[in-house]
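Thanks for passing this one along. Here are my notes, in numbered points, to read with the model open beside you.

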Amino acid sequence: MERSPSNPARNSTRTVADALQKMSLGEREMHCDVHGTTYTSAGISLLGGRKEIWGPCPDCAEDREVAERRAEVERCAEIERQRLHAAFGAAKIPRRYTGMSFEAFNADSHEKVKALDMVQKFVSDFDLRVEDGGGLILAGRPGTGKTMLACIALQAIAPKHVGLYIGALDAVRALRATWSKNSQRTEMEVLEDLGGVPLLVLDEVGVQFGTDAERNQLFEVLDRRYREQRPSILVTNRDVAGLKETLGERVFDRLTETSKMVVFDWESHRPKAQPARAAANDPNSPKLAA
Ligand SMILES: Nc1ncnc2c1ncn2[C@@H]1O[C@H](COP(=O)(O)OP(=O)(O)OP(=O)(O)O)[C@@H](O)[C@H]1O
Ligand SMILES: [Mg+2]
Ligand SMILES: [Zn+2]
């Protein structure tokens with residue numbers, strides 16, 4: 001079909017001019033099926049009476065605004081998450097714990113229930129922790145689920161909040177790598193990332209640092225977080241005295257001021273973590289029919 005030869009710009013000007021001939025229709029009571037409420041809505045008539053628009057339910061309008069704001073926050077967080085993952089190759093949640101949620105943690109004793117509760121509470125109150133910088137120290141025996149719970153917490157604060165998982169030695173390595181003249185990033189940039197991420201999970205804190213320089217680098221990171229009131233989860237095999245020795249008194253003091261200690265003092269779950277193999281080796285376990 002032939003298109004109208006008339007000027008499209010003039011057409012749209014006319015449409016706008018039409019639309020502007022709006023007339024107030026006054027107010028009327030309307031019912032919102034979503035909220036089950038009655039509200040007063042103001043109406044206008046547009047296009048010379050061919051179209052009517054009535055104001056939305058105020059609760060629906062607010063819901064929409066909140067959803068839009070949340071989507072915006074999540075979009076920014078995702079961009080930051082991808083930037084950090086690109087910047088810290090070594091800093092990824094280990095595959096063993098990706099996709100895990102709190103339900104995976106078997107809390108079959110009073111102590112485990114308590115540890116689980118503390119980490120869950122940390123997550124549910126994370127908006128407050130972002131303000132006050134309160135963190136956690138998960139300390140205790142090997143195989144007791146410390147890394148598991150820390151990684152679950154990290155995933156549970158997403159998509160709203162950004163976190164970074166890194167082993168303490170990898171953090172030190174990432175800082176030291178910037179001393180090389182081929183480094184793409186400055187030490188300050190790496191410090192700002194480790195110090196600035198909304199949640200830092202620092203795993204394997206307890207391996208004795210080789211040099212004072214390394215200990216100082218870790219101090220820099222944790223002191224930044226302390227000063228800016230940013231929460232961290234430290235994971236360690238050491239007890240209180242051992243942690244103090246590893247970190248040095250300055251870091252230890254800051255940490256104990258801002259963090260709650262969760263003690264993991266029970267048998268390792270490692271043998272139970274491979275049920276298929278355990279069952280195959282157990283003569284009493286029921287065998288599958290051939
Ligand atoms: N309460 C639990 N319920 C289910 N699985 C668990 C539980 N605790 C630990 N596991 C599993 O046991 C294995 C060891 O847990 P994890 O790696 O978290 O131990 P850890 O405390 O970090 O040990 P380490 O100090 O040696 O690093 C993992 O496969 C983990 O998923
Ligand atoms: Mg661990
Ligand atoms: Zn509504």
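Which residue of strand 3 is the bridge partner of I44? Point 1 takes that up, after a word on the kind of model this is.

1. Please keep in mind that this is a predicted model. As for the opening question, the residue that bridges to I44 is I53. I53 belongs to strand 3, and strand 3 is joined to strand 2 (residues 37-46) by four bridges, with the two strands running antiparallel. Beyond its neighbours within four places in sequence, I53 is in contact with G43, I44 and L46. By contrast with those contacts, consider S41: the C-alpha atoms of I53 and S41 lie 9.7 Å apart, with the two positions 12 residues apart in sequence numbering. I53 has 13 other C-beta atoms within 10 Å, so I53 is partly exposed; the buried class would call for 20 or more.

2. The sheet that holds this pair is open and has three strands, in the order 1-2-3, with antiparallel pairing. Its edges are strand 1 (23-32) and strand 3 (51-54), each of which pairs on one side only. On average, neighbouring strands here are turned by 30° against each other, direction ignored. As general background, strands of a sheet pair through backbone hydrogen bonds, in either the parallel or the antiparallel sense.

3. You may also like to look at the loop between strand 1 and strand 2, where H35 sits. Is H35 buried or partly exposed? It counts as partly exposed, because 13 C-beta neighbours fall inside 10 Å. Leaving out neighbours within four places in sequence, H35 has contacts with C57, D59 and C60. P58 is 23 residues from H35 along the chain, and the C-alpha atoms of H35 and P58 are separated by 10.0 Å.

4. Now for the overall picture. The protein has 11 helices and eight strands, and 24% of its 290 residues are buried. Among contacts with a separation of 6 or more, 74% are between residues 24 or more positions apart.

5. The other sheet to inspect is open as well, with five strands in the order 5-6-7-4-8 and parallel pairing. Strand 5 and strand 8 (259-264) are at its edges, each with a single partner strand, so one side of each has no neighbour in the sheet. From one strand to the next, the twist averages 15°.

6. Both edges of that sheet reward a closer look. At one of them, strand 5 (residues 163-167) is mostly covered, with four of its five residues buried. Strand 5 pairs with strand 6 in the parallel sense over five bridges, and I166 stands opposite L202 in strand 6. At the other, strand 8 is joined to strand 4 (residues 135-140) by six bridges, and these two strands run parallel; S259 in strand 8 is the bridge partner of G135. Helix 3 (residues 110-124) lies across strand 4 and strand 8, at about 150° to strand 8.

7. Which residues touch the most other members of the largest nonpolar core? In this core of 48 residues, they are L138, A150, A153, L154, A171, V201 and L202. Helix 5 (residues 146-156) supplies the largest share of the core, seven residues. A171 is worth selecting in your viewer: apart from neighbours within four places in sequence, A171 is in contact with I166, L194, L202, L218 and V221.

8. L194 leads on to helix 7 (residues 187-196), where V190, D193, L194 and G195 are buried. The buried residues of helix 7 pack against helix 2 (58-87), helix 6 (168-177), strand 6 (199-203) and helix 8 (212-227). For general reference, an α-helix has 3.6 residues a turn, so residues three or four places apart point the same way.

9. Finally, the ligand. How many residues surround ligand 1? There are 17, and the closest are P142, G145, T147, M148 and H269. By type, the shell around ligand 1 divides into six nonpolar, seven polar and four charged residues. Helix 5 appears again here, giving the largest share of this shell with three residues.

Notes: Residues are numbered from 1 along each chain as its sequence is written. Chains are lettered from A and ligands numbered from 1 in the order in which they are written. This is a predicted model: local features need pLDDT of at least 70, side-chain atom pairs count only at pLDDT 80 or more; totals for chains, interfaces and linings use all residues. A residue is buried if 20 or more other C-beta atoms lie within 10 Å of its own, exposed if 12 or fewer, and partly exposed in between; C-beta atoms are placed from the backbone. Two residues are in contact if their C-beta atoms, placed from the backbone, lie within 7 Å. Two strands pair if DSSP finds at least two bridges between them. A nonpolar core is a set of buried Ala, Val, Leu, Ile, Met, Phe, Trp, Tyr and Cys residues joined through C-beta atoms within 7 Å. Axes are lines fitted to C-alpha atoms, for helices over the stretch in contact, and angles run from 0 to 180 degrees between N-to-C directions. A residue is near a molecule or strand if its C-beta atom, placed from the backbone, lies within 6 Å of it. Ala, Val, Leu, Ile, Met, Phe, Trp, Tyr, Cys and Pro count as nonpolar, Asp, Glu, Lys and Arg as charged, and the others, Gly among them, as polar.
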